[in-house]
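Visitor: Please examine one part of this structure closely. I should then like to see the rest of the model treated in the same manner, with the criteria stated for each term.

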Amino acid sequence: MPACPIRPRRTDGAKLPERARVKAARLFILLAATIAVAAPAVAAAPQVGDAAAKAKAAVCAACHGAGGLSQVPNIPSLAGEPDQFLEWQMVLFRSGAREDPLMSPIAQTLSDDDVQVLGRYFAALKPPKPPAGKLDPSLMAAGVSVMQKYNCASCHGDNFAGEGEAARLASQHEEYLAKALQDFKSGARRGAGAAGAMSGVAFGMTGPEIKAAAYYLSHHP
Ligand code: HEC
Ligand code: HEC
């Protein structure tokens with residue numbers, strides 16, 4: 001493993017808008033301590049089966065949360081995502097086709113074997129639950145209309161639990177979902193699925209549609 005897997009390369013930082021850089025930097029300071037503790041587990045001698053998967057996943061918990069359930073609004077939960085989706089995204093980050101100042105350096109430390117083991121591991125964990133609290137009925141209704149207009153369930157599954165290379169969306173963080181859609185719309189994230197299917201969908205979405213979709217899906221059990 002390279003000396004410091006969590007430090008973004010300077011070129012990555014240079015491409016980011018100032019606000020994103022500041023945000024990322026703040027998160028780094030928060031996470032550095034946790035990762036320093038978690039990292040040795042990954043560097044440990046090869047093991048077999050579940051124990052090996054757990055050891056590899058220890059470094060991920062610093063950002064993606066214990067049990068793959070993220071506690072950070074703009075970091076996705078991984079638990080219960082489809083195996084194929086998870087593996088694809090790790091490979092996309094590793095190749096540079098998908099970029100993020102926090103995630104890209106981590107992905108570069110993953111072998112093909114790591115990708116497979118981690119994909120299987122997180123896919124088998126219990127998915128997140130929607131946040132407690134009263135729902136906004138008008139935003140929920142607007143969300144339903146967006147789901148119908150763009151046929152989101154046709155790829156993401158009737159319960160938005162994800163299918164194959166299409167992500168699980170149900171109970172994912174609202175802020176992260178909105179960011180992901182915005183990234184597809186702007187072209188910052190191209191996606192690999194079905195020849196970049198998501199870019200085509202998101203390109204046509206308006207700001208209020210993205211807001212409603214993120215709200216609806218994050219509250220979908
Ligand atoms: C330093 C923080 C950090 C660590 C540690 C980290 N990640 Fe990430 N990861 C992120 C962020 C941030 C994103 C979302 C990037 C974006 O907004 O596009 C992400 C996204 C992902 C995604 C895409 C999920 C989706 O729903 O699109 C996968 C898969 C992933 N990480 C796997 C892992 C694995 C496996 C590990 C451990 C080996 C790991 N990550 C460690 C920060 C981290
Ligand atoms: C034609 C198939 C298809 C349709 C329709 C579709 N998606 Fe997707 N979506 C995908 C695939 C495949 C991915 C995985 C990203 C990639 O391509 O790398 C994805 C990824 C996403 C992500 C990123 C999730 C993550 O964890 O990173 C979000 C959010 C999303 N879709 C929301 C939606 C919404 C909302 C709709 C409807 C407005 C929709 N999708 C319609 C195929 C589709």
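Guide: Helices α9 and α11 are oblique to each other, because their axes cross at roughly 140° and the class of oblique angles is what remains once those under 35 degrees (roughly parallel), over 145 (roughly antiparallel) and 65 to 115 (roughly perpendicular) have been set aside. The two helices comprise residues 174-186 and residues 207-218, respectively, and their axes come within 8 Å. An axis here is a line fitted to C-alpha atoms, for helices over the stretch in contact, and angles run from 0 to 180 degrees between N-to-C directions. The model is a predicted one, in which local features need pLDDT of at least 70 and side-chain atom pairs count only at pLDDT 80 or more, while totals for chains, interfaces and linings use all residues. Residues are numbered from 1 along each chain as its sequence is written, and chains are lettered from A and ligands numbered from 1 in the order in which they are written.

The crossing of α9 and α11 is right-handed; that is, the near helix is turned clockwise from the far one by less than a right angle, whereas an anticlockwise turn would make a crossing left-handed. On the α9 side, the contact is formed by E174, L177, A178, L181 and Q182, which meet I210, K211, A213, A214, Y215, L217 and S218 of α11. Two residues are in contact if their C-beta atoms, placed from the backbone, lie within 7 Å. Sorted by class, this contact holds 8 nonpolar, 2 polar and 2 charged residues. The nonpolar class consists of Ala, Val, Leu, Ile, Met, Phe, Trp, Tyr, Cys and Pro, the charged class of Asp, Glu, Lys and Arg, and the polar class of the others, Gly among them.

The loop between α8 and α9 contains S171. Its phi is near 65°, a positive value in a residue other than glycine. S171 is buried, with 22 other C-beta atoms within 10 Å; a residue is buried at 20 or more such atoms, exposed at 12 or fewer and partly exposed in between, with C-beta atoms placed from the backbone. N151, in the loop between α7 (137-150) and α8 (153-156), also has a positive phi, of about 55°, although it is not a glycine. N151 is exposed, with 10 other C-beta atoms within 10 Å.

On leaving α9 towards α10 (197-203), the connecting loop includes A192. With 17 C-beta neighbours inside 10 Å, A192 counts as partly exposed. Its contacts, apart from neighbours within four places in sequence, are W88, L92 and A97. A192 and L92 are 100 residues apart in sequence, and their C-alpha atoms are 7.9 Å apart in space.

A second helix pair consists of α4 and α6 (residues 112-123), whose axes come within 8 Å and cross at roughly 140°. These two helices are therefore oblique to each other, and their crossing is right-handed. From α4, D83, L86, E87, M90 and V91 take part in the contact, and from α6, V115, Q116, L118, G119, R120, F122 and A123. By class, the contact of α4 with α6 has 7 nonpolar, 2 polar and 3 charged residues. A123, in α6, is buried, with 21 other C-beta atoms within 10 Å. Beyond its neighbours within four places in sequence, A123 is in contact with E81, P82, D83 and L86. The C-alpha atoms of A123 and Q84 are separated by 8.8 Å, and these residues are 39 apart along the chain.

Ligand 1 is surrounded by 21 residues, of which C60, C63, P76, D100 and M103 are the closest; a residue belongs to this shell if its C-beta atom, placed from the backbone, lies within 6 Å of the molecule. Two or more residues each come from α2 (18-43), α3 (49-64), α4 (83-95) and α5 (103-107). The most, 5 residues, come from α3. In terms of class, the shell has 17 nonpolar, 2 polar and 2 charged residues.

As to the chain as a whole, there are 11 helices and 0 strands, where helices (H or I, at least four residues) and strands (E, at least two) are DSSP runs numbered from the N terminus. Of its 221 residues, 33% count as buried. Among contacts with a separation of 6 or more, 67% join residues 24 or more positions apart.
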